[in-house]
Amino acid sequence: MDYVRLGTTGLKVSRICLGMMSYGDPDKWGGWVLPQDQAEPIVRKAADNGVTFFDTADVYSQGVSEEVTGNLLRAIFPHREDYVLATKVYFPVGTGPNDRGLSRKHIHAAIDASLRRLGTDYIDLYQIHRWDDETPIEETMEALHDVVRAGKARYIGASSMYAWQFAKAQHTAERNGWTKFVAMQPHYNLLYKEEEREMIPLCRDQGVGLIPWSPLARGLLARAGAPVDTARQVGDGARQEQLYGGAGDAVIIERVVETAHEHEVPPAQVALAWLLHQPGVTAPIVGATKERHVDDAVAAVDLALSEKELAFLSEPYLPRPIIF
């Protein structure tokens, strides 16, 4: 496993981040989610292969994902400093009007609740899950700064939003001497590259690390486009149809398969290797519900693709509407 700095910070992370949304309570999130006992061998295998970066969110399984994440990481790693832990805030975690969003009230309540569920004194990377149109960005950035100053988080990051929103947040923090975002979690893979227009160039210019979500397009790139009635597809099909299925997708998937055959590796490794070759990308967030998913992710770090192959995989892409 390789380790790199997260953006321009001094924080070192593994080039693969294990997404923990796949672990929690199936009844509270989806039938494809694994309970703790089934998740443990997968997370342990990732750790044994050098993965030290783990990402979850308070909304996943309505908090149970954080509980499982905390339990497993404490059991697997000897010391808290041995791993980098990320979680997120924004989406509803209760029925009250203040159980959501990025207000000062909710951020301070949410960080304390996440710390309790994770069973830790601090979070390495505390991220806003989306932009909040109802809260002034000054209120949000100051609250996040207070979280860092209190020692509850070491760094802050953000996830999918428009580039102008991210730039506004960074400018607000800089103008007031508050903590700035060091990482962006964009939607980015071979089937969705709209972030290459503005967000990725902005982050590269500003030294912000990129940790893309859905690097395998919800499994489409791993399955080579084959329609498989997985538990996640059955319960999440509408969302997948919204995100993917655009013009050019089938050709891209065919080229992933062709390249995989040439390298004698599974398609998932090629799709992840393509992402790892993209400028500015620190670590894709990979979800894994089987141990072989971890094998593919780890192997992708060492899979070298030529400039010709990278261009071959990218060339069929056609622009599509921005979707967060």
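Here are some worked exercises on the sheet, the core and the ring pairs of this structure.

The model is predicted, so local features need pLDDT of at least 70 and side-chain atom pairs count only at pLDDT 80 or more, while totals for chains, interfaces and linings use all residues. Residues are numbered from 1 along each chain as its sequence is written, and side-chain values use heavy atoms, with hydrogens and water left out.

**Exercise 1. Trace the open sheet and find its edge strands.**

Step 1. Strands here are DSSP E runs of at least two residues and helices are H or I runs of at least four, numbered from the N terminus. Two strands pair if DSSP finds at least two bridges between them.

Step 2. Read across the eight strands: the order is S9-S8-S7-S6-S5-S4-S3-S10, with parallel pairing.

Step 3. Now look for strands that pair on one side only: these are S9 (209-210) and S10 (285-287).

Step 4. Zoom in on S6 (residues 123-128) and S7 (residues 153-159), which pair in the parallel sense over five bridges. Ile128 has Ala158 in S7 as its bridge partner.

Step 5. Add helix H4 (residues 137-149): it lies across S6, S7 and S8 (181-185), at about 150 degrees to S7. That angle is taken between N-to-C directions, on a scale from 0 to 180 degrees, using lines fitted to C-alpha atoms (for helices, over the stretch in contact).

**Exercise 2. Which residues touch the most other members of the largest nonpolar core?**

Step 1. Get the rule straight: a nonpolar core is a set of buried Ala, Val, Leu, Ile, Met, Phe, Trp, Tyr and Cys residues joined through side-chain atoms within 4.5 Å. Buried means under 20% relative accessible area, exposed is over 50%, and partly exposed is in between (1.4 Å probe, protein chains only).

Step 2. In the largest core, which has 90 residues, the answer is Tyr23 and Tyr126. Helix H9 (residues 267-276) gives the most to this core, with eight residues.

Step 3. Apart from this core lies another one, of 13 residues, including Val13, Val84, Ala183 and Ile285.

Step 4. Back to Tyr126: if you skip neighbours within four places in sequence, its contacts (heavy atoms within 4.5 Å) include Thr87, Ile107, Leu144 and Tyr155.

**Exercise 3. Sort two aromatic pairs by their geometry.**

Step 1. Rings of Phe, Tyr and Trp (its six-membered ring) pair if their centres lie within 6.5 Å; planes under 30 degrees apart are stacked, over 60 edge-to-face, and the rest tilted. The count by this rule is eight aromatic pairs.

Step 2. Phe77 and Tyr83 have ring centres 5.2 Å apart and planes at 45 degrees, so this pair is tilted. Both residues are buried, and ring pairs link them with Phe54 into a cluster.

Step 3. Tyr188 and Trp274 come out as edge-to-face, at 5.7 Å centre to centre and 65 degrees between the planes. Tyr188 sits in the loop between S8 and helix H6 (199-206) and Trp274 in helix H9, 86 residues apart.

Step 4. Check burial: Tyr188 counts as buried at 2% relative accessibility, and Trp274 is buried at 0%.

**Exercise 4. Which arginines lie over the face of Tyr122?**

Step 1. The test is NZ of Lys or CZ of Arg within 6 Å of the ring centre and within 35 degrees of the ring normal.

Step 2. Arg80 lies over the face at 4.1 Å from the ring centre, and Arg154 does so at 3.7 Å.
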